[in-house]
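Biologist: I'm happier at the bench than with coordinates. Could you show me how to read a model like this one?

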Amino acid sequence: MQNEKLLTFVQGMSRLLQSNPTEPTILKEGAELLATLVQKDDWLPEMFTHPHPQHYQQYLLYADPLDRFSMVSFVWGPGQKTPVHDHMTWGLIGMLRGQEIDTHYFKQADGSYHAGESNTLVPGAVGSVSPATHDVHVVSNYYADQPSISIHVYGGNIGRISRHVFDPVTGAPKDFISGYSNAVVPNLWN
Ligand code: FE
């Protein structure tokens, strides 16, 4: 079956979240499930790998009917990067193809956001975001001349969650909803 690895991950996440675990447990055990999924780059259907020349793409791979989690193929064109933004829910980032740079930002006493350390995610690596500790970041494609792809998992329907981009200097927030780039999702039921 073509989407067997994806289905196995979806089943694993569903089982994990069924027991209402704490966020640290989700981040730890979810990261292990995601690391298994991105260990080998041989399962992502080709239609969810296409970059866009102007902006990064977010292809929905699966969304839990109870909004407990959603899953996106995040495709970076050469040199593309996000603004400073938050998620309003936990998130896991599994690097599948290429590399990306994940820089967390931290709110200062004057309201501005300052960059913390940057992590370069290599294939197979898993990063995270968490409203409790590190929800604000900037992510960019490591490469200026080739696409990169990471698999993101969030604790809600990320395409419909109202969240924020920030002006790092003033800290001023602006609301946004990211949506999804695709009209069809992988068939896990065939
Ligand atoms: Fe993000």
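Modeller: Let's start with burial: a residue is buried under 20% relative accessible area, exposed over 50%, and partly exposed in between, using a 1.4 Å probe and protein chains only. Before any cases, note that this is a predicted model, where local features need pLDDT of at least 70, side-chain atom pairs count only at pLDDT 80 or more, and totals for chains, interfaces and linings use all residues. Residues are numbered from 1 along each chain as its sequence is written, and side-chain values use heavy atoms, with hydrogens and water left out.

Biologist: Let me try it, then. Is His85 buried or exposed?

Modeller: His85 has 7% relative accessibility, so it counts as buried. His87 is buried too, because its relative accessible area is 1%.

Biologist: Those histidines caught my eye. Which protein donors does the iron ion have?

Modeller: First the rule: donors are N, O and S atoms within 2.8 Å of the metal (3.2 Å for Na, K and Ca), and because water is not among the atoms, a site may look incomplete. Here, the NE2 atoms of His85, His87 and His137 are the protein donors of the iron ion, lying 2.1 Å from it.

Biologist: What spacing do the donors follow along the chain?

Modeller: H-x1-H-x49-H. There's a link from this site to a strand, too: the C-alpha atoms of His87 and Val165 lie 9.4 Å apart, although 78 residues separate them in sequence.

Biologist: Where does Val165 lie?

Modeller: Helices (H or I, at least four residues) and strands (E, at least two) are DSSP runs numbered from the N terminus. Val165 belongs to strand β9, residues 163-166. Its relative accessibility is 19%, so Val165 counts as buried.

Biologist: And which residues is Val165 in contact with?

Modeller: Contact means heavy atoms within 4.5 Å. Leaving aside neighbours within four places in sequence, Val165 is in contact with Pro83, Val84, His85, Ala172, Pro173, Lys174 and Phe176. Remember that His85 gives its NE2 to the iron ion.

Biologist: Let's move on to the cores. Which residues of the largest nonpolar core touch the most other members?

Modeller: A nonpolar core is a set of buried Ala, Val, Leu, Ile, Met, Phe, Trp, Tyr and Cys residues joined through side-chain atoms within 4.5 Å. The largest one has 28 residues, and Met71, Trp90, Ile151 and Val153 touch the most other members. At least two residues of this core come from each of α1 (4-18), α2 (23-38), β1 (57-63), β2, β3 (91-97) and β8. Apart from it lies another core of 7 residues, including Phe74, Trp76, Tyr154 and Ile158.

Biologist: What does Met71 touch?

Modeller: Not counting residues up to four places away in sequence, Met71 touches Leu6, Phe9, Val10, Leu37, Tyr59, Leu60, Leu61, Tyr62, Ile151, His152 and Val153.

Biologist: Can we do a loop residue? Is Leu44 buried or exposed?

Modeller: Leu44 is in the loop between α2 and β1. With a relative accessible area of 8%, Leu44 is buried. Beyond residues up to four places away in sequence, Leu44 touches Thr49, Leu61, Ser73, Leu96, Ile149 and Ile151. Its C-alpha is separated from that of Ile93 by 15 Å, with the two positions 49 residues apart along the chain.

Biologist: And for a strand residue, what does Leu121 touch?

Modeller: Leu121 sits in strand β5, residues 113-121, and counts as buried at 6% relative accessibility. Skipping residues up to four places away in sequence, Leu121 touches Ile93, Met95, Gly98, Gln99, Glu100, Val126 and Gly127. For Met95, 26 residues apart from Leu121 along the chain, the C-alpha separation is 6.3 Å.

Biologist: Now backbone angles. What phi does Asn20 have?

Modeller: Most residues other than glycine have a negative phi. Asn20 is not a glycine, yet its phi is positive, about 50°. Asn20 lies in the loop between α1 and α2 and is exposed, with a relative accessible area of 69%. Met88, in the loop between β2 and β3, has a positive phi of about 65° although it is not a glycine. At 45% relative accessibility, Met88 counts as partly exposed.

Biologist: One last loop: is Pro65 buried or exposed?

Modeller: Exposed, because Pro65 has a relative accessible area of 68%. You'll find Pro65 in the loop between β1 and β2. Pro65 and Gly156 are 91 residues apart in sequence, while their C-alpha atoms are 9.9 Å apart in space.
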